[in-house]
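Biologist: I'd like a close look at one part of this model, and a connected story rather than a list. Here is what I have on screen.

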Amino acid sequence: MGFGQRIARKVLGGTRSGVAADDNPLTQISYDGHGLKTYGQSLDFLRDARFLSAYRRGMDSGHQIMRPKGSRADIGIRWRVQITCWAAHHASRLPGDFVECGVNTGMHSLAICEYVNFNDLDKTFWLFDTFEGIPADQISESEKQWGRSSENANFYPPCYETAVKNFAPFPRPASLKASCPTLCLRCSFPRLLTSRST
Ligand SMILES: C[S@@+](CC[C@H](N)C(=O)[O-])C[C@H]1O[C@@H](n2cnc3c(N)ncnc32)[C@H](O)[C@@H]1O
């Protein structure tokens, strides 16, 4: 019996309910990926064609995160992308624009654009990134010590052109090249920027 099952058995009171813990769906691992395990949770989203298509579009964006250059391997982040798509779906009914800080090739934001039919929304999606990795002067000494600098070479090669190409079918998103200090100022006033730019 795994740690999670022991916890679940404890929470559920073991066999006191009359149901053997191991037969109880709440003790069964339902999702296990990217550092997240769930027990007995609904995974209906994994059968949702709209979500799966959006997920694949993001995964096929040409990124190099946790896989080698040129690979189309699925890095297994469905739960995370589902959360962002769910949030974007609700946010699409609220006033205001969308912004992502740290876009890379658009693994999440492309999935969102497809999932919410972004072209049908009266919104701009502000896409911020250096598109060439974490600025060296923003990596702290302790981060350098545990190898953060190598992320740029391994995961974040220049990807601006790829991002522009990926978002071409969604004319409202604006791919901007900016690093964080500038970016934060702009992000405080996305509406102002939008009205200026149109
Ligand atoms: C983990 S990746 C983001 C992945 C992306 N959200 C996706 O769905 O594929 C982190 C990104 O943040 C960007 N980044 C990190 N620090 C930044 C900064 N100070 N300014 C702009 N972009 C930054 C990197 O270039 C990299 O593309």
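Leaving aside its neighbours within four places in sequence, which residues is methionine 59 in contact with? Take me from there into the surrounding helices, please.

Modeller: Keep in mind that this is a predicted model. Once neighbours within four places in sequence are set aside, methionine 59 is in contact with Asp74 and Met107. Methionine 59 sits in helix 2, and it counts as buried because 21 other C-beta atoms lie within 10 Å, where 20 or more is the cut-off. Another residue to look at is leucine 110: it is 51 residues away from methionine 59 in sequence, yet the C-alpha to C-alpha distance is 9.1 Å.

Met107 and Leu110 both belong to helix 4, so let's go there. Helix 4 covers residues 107-115, and 9 of its 9 residues are buried, so the rest of the structure largely encloses it. Besides Met107 and Leu110, the buried set has His108, Ser109, Ala111, Ile112, Cys113, Glu114 and Tyr115. What do they pack against? Three helices are on the list, namely helix 2 (49-59), helix 3 (78-91) and helix 7 (160-167), along with strand 3 (98-101) and strand 4 (125-129).

Two of those helices are worth taking one by one. Two packed helices are described by the angle between their axes and the distance between the axes. For helix 2 and helix 4, the angle is about 145 degrees and the axes are 7 Å apart. The crossing of helix 2 past helix 4 is right-handed. From helix 2, the residues involved are Arg50, Phe51, Ser53, Ala54, Tyr55, Arg57, Gly58 and Met59, and they meet Met107, His108, Leu110, Ala111, Glu114 and Tyr115 of helix 4. By class, that contact divides into 8 nonpolar, 3 polar and 3 charged residues.

Helix 3 meets helix 4 at an angle of about 45 degrees, with 9 Å between the axes. The two helices are therefore oblique to each other, and this crossing, too, is right-handed. On the helix 3 side you have Val81, Thr84, Cys85, Ala88 and His89, and on the helix 4 side His108, Ala111, Ile112 and Tyr115. This contact has 6 nonpolar and 3 polar residues, and no charged ones. His108, Ala111 and Tyr115 turn up in the contact with helix 2 as well as in the one with helix 3.

Helix 2 and helix 3 also pack against each other, at about 110 degrees and with their axes 11 Å apart. That makes the two roughly perpendicular. Here again the crossing is right-handed. Phe51, Ala54, Tyr55 and Gly58 of helix 2 make the contact with Arg78, Val81, Gln82 and Cys85 of helix 3. Sorted by class, there are 5 nonpolar, 2 polar and 1 charged residues.

Now look at the two sides of helix 4. Most residues other than glycine have a negative phi. Asparagine 104, in the loop between strand 3 and helix 4, has a positive phi of about 55 degrees although it is not a glycine. After helix 4 comes asparagine 117, whose phi is also positive and near 55 degrees; its place is the loop between helix 4 and strand 4. Are these two asparagines buried or exposed? Asparagine 104 is buried, with 23 other C-beta atoms within 10 Å. Asparagine 117 counts as exposed, with 11 C-beta neighbours inside 10 Å.

As for the wider setting, the protein chain has 9 helices and 5 strands. Of its 198 residues, 24% count as buried. Among contacts with a separation of 6 or more, 68% join residues 24 or more positions apart.

Finally, a word on confidence. The chain averages a pLDDT of 81, and 76% of the residues score at least 70. Confidence is highest in helix 2, at 98, and lowest in helix 9 (residues 190-197), at a mean of 33. Over residues 1-19 the pLDDT stays under 50, and the model has 22 contacts beyond four places in sequence for that stretch. Residues 188-198 are also below 50, with 8 contacts beyond near neighbours in sequence. Where pLDDT is low, the predicted coordinates should not be read in detail.

Notes
Residues numbered from 1 in each chain as written. Predicted model: local features only at pLDDT ≥ 70, side-chain atom pairs only at ≥ 80, totals over all residues. Helix = DSSP H or I, 4+ residues; strand = E, 2+ residues; numbered from the N terminus. Buried ≥ 20, exposed ≤ 12 C-beta atoms within 10 Å, placed from the backbone. Contact = placed C-beta atoms within 7 Å. Axes fitted to C-alpha atoms, helices over the stretch in contact; angles between N-to-C directions. Parallel < 35°, antiparallel > 145°, perpendicular 65-115°, else oblique. Left-handed = near helix turned anticlockwise from the far one by under 90°. Nonpolar A, V, L, I, M, F, W, Y, C, P; charged D, E, K, R; others polar. pLDDT = per-residue confidence, 0-100.
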